[in-house]
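Dear colleague,

Please find the structure below, handed over for your own work. My notes on what was found in it follow.

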Amino acid sequence: PFLINVLKHPEFSSGKATTRFIDETPELFEYSKLRDRGNKSLQYIGNVTVNGFPGIGKVEKKAYKKPRMPEKLILPSEDIVYPKHILDSDGPEAVAQWLKEQNSVLMTDTTFRDAHQSLLATRMRSKDMLAIAEQTEQAIPELFSLEMWGGATFDVSYRFLTEDPWERLRKLRQKMPNTLFQMLFRGSNGVGYENLPDNVLQEFIRLAAANGIDVFRIFDSLNWLPQMEKSIQYVRDENKIAETAICYTGDLNDPSQTKYTMDYYKRMAKELEAMGAHILAIKDMAGLLKPHAAYRLIGELKNTVKIPIHLHMHDTSGNGVYTYGAAIRAGVDVVDVAQSALSGKTSQPSMSSLYYALEGTFHAPNFNIQNVEQLNRYWEDTRKYYADFEEGMPAASTEVYTHQMPGGQYTNLKQQAKGVGLEDRWDDIKAAYTVVNHMFGDIVKVTPSSKVVGDMALFMIQNDLTEQDIYDKGEDIDFPKSVVSFFKGELGRPEGGFPKRLQEIVLKGDKPLEKRPGEYKQPLDFEKVKAELAEHLDREPSMEEVISYIMYPQVFLDYTFFYNMYGEVNKFDTPTFFYGMRMGEQIEVTLEKGKTLIIKLNQIGDPDLEGNRTLYFELNGQGRQIEIQDKS
Ligand code: 3PY
Ligand code: ZN
């Protein structure tokens, strides 16, 4: 098609064209580029229409209503104070000081990160966030921050959504210039599952800050402080907010609790403050903090440290708002909530429920509830797109107090179990999870330590092994890689050390690390990696791409391969992205301002002998046929 355009071009046919003709006539390239983009889009739609989306399979596309948008937002008053402005002008300490001066409890909205990670297998697409981003900033300018990056969203966006997470960050930043952006950072594991060299952590934090992150919630999956120290320093070096988290586990008020006691939390809080934390977070990733324990914990911590306290929890048990109420009475400064439509169960408690629970009280949060109800309608409608990823629990479940599984892991482990045909053994897997936690010495369970416990639980059920079998036959057992790595000390050290006997069984004579894993790692040579990646990409990569490739080499390469094949699939509306098109349907895809593809699917042919089907499309009015292999 490109050559045909050249031949038809008036300058070419008049004989005036020179060898520089092609260089000097860019509209030909534009035209051929748009055609190419159109073809790639049809390939994607054709494929997902015929073969379905990974993890969902072939499902008939439903007719969705366009999500309701806010229509009557009360806009922020002129004198509103945005913590983002305080950070940018006066630095992180000033934000911490400002937080402590507020009577109203502040809120972090997790809808764009943890809420969908914990309810919808992290599958929320940027397009659905961007569509409501500006209105979110207008509707709730009183937010402390918006959690919208990090945790599992980083690799999932490459892996399953063919989206660049950096682009998500930059685009949201453009639409929400006045809101503090918060991310979840897994200490020495960055946004991955394994220890990274220190210079990689540093470069990642530098880039995240440069692209728009303001608040870094740093945690370690075993609450081991040496794994957090470097990250805290790197965030401070960027003049951003280092929010350091203590992961909450067990039950503070249980008289038999010997490890995770009030003294334990107080000691950690003091050490984190001394390391330079601007804010202390209590990260209750499973939702185990009961109301009376919350009152006690927050009250005592307020008397222990000077920095403000931010409470994060999951509403798995259904007690979330009650726990928040107690924590707020004890003086907590910020709590994490989600828009109602994406709240509750394994997600965070609802922002609006909390509003009504506290209405009229001294610490009541300050925001316009009618604005929030309007945002919520958008999320009610948008959540429907993701119905096929709703693998979670159907209602609140107090079993979490027994198995202690983090909200973000629940759906993932269930998927993992399904993947190995153990879906029917879910109750047994939960029970094994409890047993494994006990065998490991009652550890903090959060990514990636929670994955180790989950892998081991699944492994025991899969191989019909009891706890006793592990001790009796352990020498002959090939343990999952993550379990070996844990006992080797590659995630750091759990409180109270490793259970010696099990460690010996798992390591089979290998010696555990004596120091922080990062100390064994050489700084990575970025120039070398960059050159390697340039070979793969056939162009100079950005530093963001280099760092993504370092953390997720195969995932990143698969993403670029897929992107080259199908183009900007992030521009499709979500139902089309997951379900393709119905026969006779017409959609519009805006690639950029002034460049819209109008796509109509007229017919799907029967498969030929090789299983190929021809799909008959119209692309901007012109007939197009695409051949797709039917893999069913
Ligand atoms: C993550 O690390 O992704 C988490 O959400 C941990 O709670
Ligand atoms: Zn969480």
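**Pockets, ligands and backbone**

The helix α19 gives the most to the lining of the second largest pocket, contributing seven residues. Please bear in mind throughout that the model is a predicted one.

To continue with that pocket, its volume is about 790 Å³. Its lining comprises 38 residues, and those nearest the centre are Ala152, Tyr193, Gly408, Asn412 and Leu413. At least two lining residues come from each of α7, α9 (153-159), α19 (407-419) and α21 (449-462). By residue class, the lining of the second largest pocket splits into 13 nonpolar, 13 polar and 12 charged.

The largest pocket holds about 1,000 Å³ of space. Of the 35 residues that line it, Lys127, Asp128, Ala131, Lys571 and Asp573 lie nearest its centre. Here α8 (126-139), α10 (165-175), α28 (574-579) and β9 (586-592) each provide at least two lining residues. The class division of this lining is 19 charged, 11 nonpolar and five polar.

A search for enclosed space across the whole structure returns one cavity of 30 Å³ or more, and the largest cavity contains about 30 Å³. Its lining consists of Tyr82, Pro83, Ile140, Pro141, Leu143, Asn178, Thr179 and Leu180. Six of these lining residues are nonpolar and two are polar, with no charged residue.

I turn next to the ligands. Which residues surround ligand 1? They are Arg113, Gln117, Gly151, Ala152, Leu184, Arg186, Phe219, Lys283, Met285, Val446 and Thr447. Ala152, named above among the residues nearest the centre of the second largest pocket, has a polar backbone atom 3.4 Å from an oxygen atom of ligand 1. Two side chains also come into play: a polar atom of the Gln117 side chain is 2.8 Å from an oxygen atom of the ligand, and a polar atom of the Thr447 side chain is 3.3 Å from an oxygen atom of the ligand.

Ligand 2 is a zinc ion, and its protein donors are Asp114 (OD), His312 (NE2) and His314 (NE2), at 2.0 to 2.1 Å from the ion. The spacing of these donor residues in sequence is D-x197-H-x1-H. Asp114 and His314 thereby link distant parts of the chain, being 200 residues apart. Asp114 belongs to helix α7 (residues 111-119), whereas His314 sits in the loop between β7 (309-313) and α15 (320-329). Are Asp114 and His314 buried or exposed? Both of them are buried.

Some backbone details may also be of use to you. Thr447, one of the residues around ligand 1, is joined to Pro448 by a cis peptide bond, with omega near 0°. Pro448 itself is located in the loop between α20 (426-439) and α21.

Positive phi values occur at Lys345 and Asp464, neither of which is a glycine. For Lys345, phi is near 50°, and the residue is placed in the loop between β8 (334-337) and α16 (351-358). Lys345 counts as partly exposed because its relative accessibility is 22%, and the range for that class runs from 20% to 50%. For Asp464, phi is about 55°, and the residue lies in the loop between α21 and α22 (467-473). Asp464 has a relative accessibility of 63%, so it counts as exposed, the cut-off being over 50%.

With kind regards

How values were computed:
Residues numbered from 1 in each chain as written. Chains lettered and ligands numbered in written order. Predicted model: local features only at pLDDT ≥ 70, side-chain atom pairs only at ≥ 80, totals over all residues. Heavy atoms only, no water. Donors = N, O, S within 2.8 Å, 3.2 Å for Na, K, Ca; no water. Helix = DSSP H or I, 4+ residues; strand = E, 2+ residues; numbered from the N terminus. Buried < 20%, exposed > 50% of the residue type's maximum accessible area, 1.4 Å probe, protein only. 1 Å grid on protein atoms, 1.4 Å probe; cavity = no way out; pocket = protein on both sides within 12 Å on 5 of 7 lines; lining within 4 Å. Points joined across faces, edges and corners; volume = space filled by probe spheres on them. Nonpolar A, V, L, I, M, F, W, Y, C, P; charged D, E, K, R; others polar. Near = heavy atom within 4 Å. Polar contact = N/O pair within 3.5 Å; in protein donor to acceptor, adjacent residues only side chain to side chain.
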